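Please open the model in your viewer and keep the sequence panel beside it, so that each selection can be made as you read.

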Amino acid sequence: MAIKYSEKVIEHFKNPHNIGELEQPSGAATEGSPACGDQLSVYLNIEEGTNVIKDIKFQSYGCASNIATASIITDMAKGKTIDQAKEITWKQAAEELGGLPPVKMHCSVLAVDALRSAIKDYEKNHLGKEFDESLSKVNVKKELHKIIYGKVGVDILTLKLVKYVGVDNDNNVIIDLEMDKDDKFLPDVKEEIEEHLSKFDKANEVKINVV
Amino acid sequence: MNKEQVYLDACKTTRLDPKVLEEMKPYFLEKYWFPGNFTDIGNEIADEISESQKKIAKTINAEPGEIIFTSGGTDGNNIALKGIMAANREKGKHFITSKVSHPSVLTVFKALEDEGYEGTYISADEEGYLDLEELRSSIRKDTTLVALTHINHTLGTVQKIDAISEILQNANHKINFFLDSCEAYTKIPIDVKKQKIDAISISGHKFNGPKGTGFLFVKDGTKVKKTQNGIARLHPLKPGVVNVPGIVGITKAADLIFEDFEGHVERLANLQKKLYDGIKQRIDDIRLNGPALGERSPAHLNISFMAVEGEAIMMMLNFDDIHIETGSACSAKELKADYIMMNTGRTFEESHGSVRFTLDKFVTEEQIDKTIDSLEKTIKELRRRSPLGKKKTN
């Protein structure tokens, strides 16, 4: 069956909201990378004291759904406090757009990720918050939650495709994936895992076993 | 969809020439018979099919008896590749193809590997040309077939058939030489005798002929085992229904091009140049993928627009009723970057922003102008939206 976008996705792709940069953002982040094909930058102006998102802009190096999900999520976040904005999920963003094809659901995850990272950037620099970003099993799992199995449009942890996660003494990350070796989405899932875990500077090697 | 569509995806399929449809019509409504013996209606159709074989054979300098009508490129590839390997199984189980062959060749070989055959996949350089030294050194005593794609469907690269033939001729034993020429037929001259080719598969819908038609050239004396069974009304390798309107249609489509082949190719090359020059003049930071103009297929242009993504370009052009193809992973069902781009040393970004424009005889200069206008507008807008848009990538 053909992969098709909803009318709302098309509308947001044609005329995206909140495109651009902010001169002096109070928080900003870029998620994804040109090498994996999707890159999204989010810029925030946050009112100190109330922590309300007064202005938000984005730039996308990606496909139509990448642009549309960024457009909708910036609309959703605008005017909210950072705590409210952090609660926006990729499922909600996809629903707001009238749904996304399963193979495109990862765009919504990227949009949420970039928004949350920009808020975190603000929290670090303006609120003096500290975050545990160490290479731990918990943090690796947080990243795996962001990886979508394109065949059904749900993340690999929820789908229980990850059978084991571990970090050994040499800082190697070991992941056992329960997937068919001929699964056409396996290369994509592997690439996504590597790309997501590359943000842990300390990670030595990512070893993915297909079981 | 009443507006005029600018269809620059001829490598995928083309519009049927109305003249071809006219030629086919009587064979649906009046002369719907099969070829046959002893009756006037059966004889008439048999004669017309013989005439088609003659006409088609002439276009590639083959003999009429060497032309087998098929249902398309995939059908021909299956009949030839499986049939040649099976017929030569006693001599050897090894075939050679390339990493940049068309999927309709690669998938057949995958199936053959599952049955115990062994394959070597030779590499291509940055322009898509096959490594001929690697070809030479890959030949084994048990190699019975070399099967390649004549013009690369993604890059427009025309493989050096004469040089490849020479290598195979100089081998110590007979190696069958097969070409998937679906993209090459009607774009470059093919001479099966001079170029010493044993089998060729062609598809009708790539040159304004009917869908579901094709032909296979098999050189007289080439051993091909039957892989389909049924009543062999025309040829044992392709039993079953005889698609008479289709045979008439593909022949007419070829006729219409070969009555002025040089003129047709020149027209395509001029359109290709117009498109490339226009893009180069009006859009910066682009890369041509595949060989330079003049050395590549005259119907084929592949360009990477840096800092933007191909599916977004494809959709923006679609809003202007212009249709192209992209190598971007985003537009692929399984999110994989185009394997041809990846196997010819392109970066992911180059594949990501790559657009393929392929031409046929119905494309006009006005359509090329419209495409350049729409592209300029599209790339400007997408770069405005892109975090990479401001900086040059080269």
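The tour below goes from whole chains to domains, then to sheets and helices, and ends where the chains touch.

**Before you select anything**

This is a predicted model, in which local features need pLDDT of at least 70 and side-chain atom pairs count only at pLDDT 80 or more, while totals for chains, interfaces and linings use all residues. Residues are numbered from 1 along each chain as its sequence is written, and chains are lettered from A and ligands numbered from 1 in the order in which they are written.

**Select chain A, then chain B**

Colour chain A by secondary structure, and you should find seven helices and eight strands; helices (H or I, at least four residues) and strands (E, at least two) are DSSP runs, numbered from the N terminus. The C-alpha atoms of chain A fill a box of roughly 45 × 45 × 25 Å along the principal axes. The radius of gyration (taken over C-alpha atoms, with a globule rule of 2.2 Å times the number of residues to the power 0.38) is 17 Å for chain A, which agrees with the value near 17 Å for a compact globule because the chain has 211 residues.

Chain B holds twelve helices and 13 strands, and its C-alpha atoms fill a box of roughly 75 × 55 × 35 Å, again along the principal axes. With 394 residues, a compact globule would have a radius of gyration near 21 Å, and the 22 Å of chain B agrees with this.

**Select the domains**

In chain A, select 7-127 as domain 1 and 137-210 as domain 2; these bounds come from an automatic or database domain assignment. The centres of domain 1 and domain 2 of chain A, taken over C-alpha atoms, are separated by 24 Å. Eight residues from domain 1 of chain A and eight residues from domain 2 of chain A take part in the contact, where two residues are in contact if their C-beta atoms, placed from the backbone, lie within 7 Å. On the side of domain 1 of chain A that touches domain 2 of chain A, the largest share, four residues, comes from α5(A).

Select α5 (residues 105-127) of chain A next: this helix has 23 residues and reaches 32 Å from its first C-alpha to its last, close to the 33 Å expected at 1.5 Å a residue (the expected span is 1.5 Å times one less than the number of residues). Gly128(A), with a positive phi near 65°, follows α5(A).

In chain B, the domain assignment gives domain 1 (18-258) and domain 2 (260-385), with C-alpha centres 28 Å apart.

**Select the sheet β1-β2-β3 of chain A**

What is the order of this open sheet of three strands? The order is β1-β2-β3 (chain A), with antiparallel pairing; two strands pair if DSSP finds at least two bridges between them. The edge strands are β1 (27-33) and β3 (52-61) of chain A, each pairing on one side only.

β1(A) and β2 (residues 38-47) of chain A pair over seven bridges, and you can select Thr30(A) together with its bridge partner in β2(A), Ser41(A). β2(A) and β3(A) pair over nine bridges, with Gln39(A) standing opposite Tyr61(A) in β3(A). In the hairpin of β2(A) and β3(A), which has four residues between the strands, look for Gly49(A), whose phi is positive, near 95°.

Now add helix α2 (residues 64-77) of chain A, which lies across β2 and β3 of chain A and runs at about 175° to β3(A); axes are lines fitted to C-alpha atoms, for helices over the stretch in contact, and angles run from 0 to 180 degrees between N-to-C directions.

**Select the sheet β6-β7-β8 of chain A**

A further open sheet of three strands has the order β6-β7-β8 (chain A), with mixed pairing. Its edge strands are β6 (162-167) and β8 (206-210) of chain A, each of which pairs on one side only. β7 (residues 173-177) of chain A and β8(A) pair in the parallel sense over five bridges, and Ile174(A) stands opposite Lys207(A) in β8(A). Helix α6 (residues 137-144) of chain A packs on this sheet, touching β6 and β7 of chain A, whereas α7(A) lies across β7 and β8 of chain A at about 155° to β8(A).

**Finish where the chains touch**

Show both chains: 22 residues of chain A are in contact with 18 residues of chain B. β3(A) gives the most to the side of chain A that touches chain B, with three residues.
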